[in-house]
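I opened this file to note how the strands and helices are arranged. My entries follow in the order I looked things up.

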Amino acid sequence: MPRDDDEEELSDDDGVDVGDDEEGNKAYTMHCRMYENQFPEIDDVVMVQVRSIAEMGAYVSLLEYNNIEGMILLSELSRRRIRSINKLIRVGKQEVCMVLRVDKEKGYIDLSKRRVSPEDVQKCDERFQRSKAVHSILRHVSEVQQIDMEALYKLTAWPLYEKFGHAYEAFRASITDPDSIFNEELMPGLDPALKEAMLDNIKKRLTPTAVKIRADIEVTCFEYAGIDAIKRSLLKGVAMGTEEIPIKIKLVAPPLYVMLCSALDKSQGIKLLSDAIDTMRDAIKEAKGELQVKGAARAVDERDDKALSNLMSTLEEQNREIAGDDDNEEVEGMGNLDIS
């Protein structure tokens with residue numbers, strides 16, 4: 001869609017020129033698009049950030065293309081009748097849009113929000129997060145090594161996008177097998193020092209770290225030998241752990257237990273604990289007991305770990321104060337055991 005004639009047009013090398021600073025030294029601009037094409041193609045789905053809202057629609061920055069400007073037309077904001085544009089879109093918010101028109105000479109890009117499906121949103125967001133990780137690595141290396149970002153992209157990431165579909169996957173592969181990615185065939189003329197800097201930064205930023213997964217459950221069985229039934233059911237849950245993702249179950253206070261595991265893949269760890277809970281529920285039901293989920297399997301952080309540790313310390317202190325109480329025998333039958 002045409003803009004005002006007095007608006008500044010984008011040059012072909014916008015954001016990647018090497019200029020001079022006040023002392024006449026080379027000043028490298030650390031800005032560059034994420035992909036080799038300077039502009040997206042028609043029907044591409046892109047991530048944008050809303051800059052301003054006008055009568056004709058919303059002006060946005062294309063985050064993957066060095067923040068070049070685009071416009072979401074008012075008629076392309078929603079399939080429904082628009083009562084208030086501010087309820088559909090907000091300044092500063094990131095949106096996924098489809099490219100409708102591209103004027104490469106003037107740099108005009110028209111976009112649609114209403115033509116984007118939920119599947120498009122998910123795929124675009126996943127691609128953007130990976131691209132952003134790659135971009136962060138290249139930006140850091142370009143600053144440290146004093147090399148222009150576009151030159152670094154040409155040497156490294158853009159050839160990988162072409163060969164592997166996405167440079168992120170290639171970067172991840174280089175952590176365990178660097179020579180399969182950073183070699184003369186894929187990156188001819190790559191300086192050894194630059195290669196070392198790239199690999200070091202990739203390793204620091206992309207080496208996978210395990211995610212802690214936790215679930216909170218209550219297990220009770222008031223039948224004869226109920227404690228044995230609880231123990232058998234909990235052991236069945238522990239047995240579902242694997243060598244890569246072992247499961248631990250700890251007593252908090254009868255009849256509350258926490259299930260714990262660590263996994264590189266968060267969704268895989270959550271599924272494993274959820275499946276283990278189902279198995280234990282079936283086992284304790286056979287013994288006429290009950291398992292209730294008090295907190296579904298989810299990823300936890302250090303704050304959650306600290307809160308759990310404090311709770312267990314408090315309960316342990318309380319148990320010391322009532323040690324020897326004859327009433328403990330009945331509580332123990334409700335599940336006073338620890339499976340680790």
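I started with helix H8, residues 266-286, which lies across S8, S9, S10 and S11. Its direction is at about 175 degrees to S11. The model is a predicted one, and I kept that in mind for each entry.

I then looked up the sheet under H8. It is an open sheet of 4 strands with antiparallel pairing, in the order S9-S10-S8-S11. Strand S9 (248-253) and strand S11 (290-300) are the edge strands, each pairing on one side only. From one strand to the next I note an average twist of 20 degrees.

For S9 and strand S10 (residues 256-263), I found 5 bridges joining the antiparallel pair. Ala253 has Leu256 in S10 as its bridge partner.

I also checked helix H7 (residues 226-239), which lies across strand S8 (211-220), S9 and S10. H7 runs at about 160 degrees to S8.

Next entry: the barrel. I found 5 strands that close into it, in the order S3-S4-S5-S7-S6, with mixed pairing. Neighbouring strands here are turned by 50 degrees against each other on average, direction ignored.

I looked for a parallel pair and noted strand S5 (residues 68-73) with strand S7 (residues 108-112), paired over 2 bridges. Ile72 stands opposite Leu111 in S7.

Helix H2 (residues 118-145) lies across strand S3 (45-53) and strand S6 (94-103). I recorded an angle of about 90 degrees between H2 and S3.

I searched the whole structure for salt bridges and got 17. One of them is Glu64 with Arg127, whose closest N and O atoms are 2.8 Å apart. This pair links distant parts of the chain, 63 residues apart: Glu64 is in the loop between strand S4 (57-62) and S5, and Arg127 is in helix H2.

I turned to helix H4 (residues 157-164) and helix H5 (residues 167-176). They pack at an angle of about 100 degrees, with their axes 8 Å apart. That angle makes H4 roughly perpendicular to H5. On the H4 side the contact has Ala157, Leu160, Tyr161 and Phe164, and these meet Ala167, Ala170 and Phe171 in H5. I sorted the residues of this contact into 7 nonpolar, no polar and no charged.

Last entry: confidence. The chain has a mean pLDDT of 84, and 81% of its residues reach 70 or more. Over residues 1-26 I found pLDDT below 50, and beyond near neighbours in sequence this stretch has 47 contacts in the model. Residues 324-336 are also below 50, with 20 contacts beyond near neighbours in sequence.

Definitions and conventions
Residues are numbered from 1 along each chain as its sequence is written. This is a predicted model: local features need pLDDT of at least 70, side-chain atom pairs count only at pLDDT 80 or more; totals for chains, interfaces and linings use all residues. Side-chain values use heavy atoms; hydrogens and water are left out. Two strands pair if DSSP finds at least two bridges between them. Axes are lines fitted to C-alpha atoms, for helices over the stretch in contact, and angles run from 0 to 180 degrees between N-to-C directions. Contact means heavy atoms within 4.5 Å. pLDDT is the predictor's confidence in each residue, from 0 to 100. Angles under 35 degrees count as roughly parallel, over 145 as roughly antiparallel, 65 to 115 as roughly perpendicular and the rest as oblique. Ala, Val, Leu, Ile, Met, Phe, Trp, Tyr, Cys and Pro count as nonpolar, Asp, Glu, Lys and Arg as charged, and the others, Gly among them, as polar. A salt bridge is a side-chain nitrogen of Lys or Arg within 4 Å of a carboxyl oxygen of Asp or Glu.
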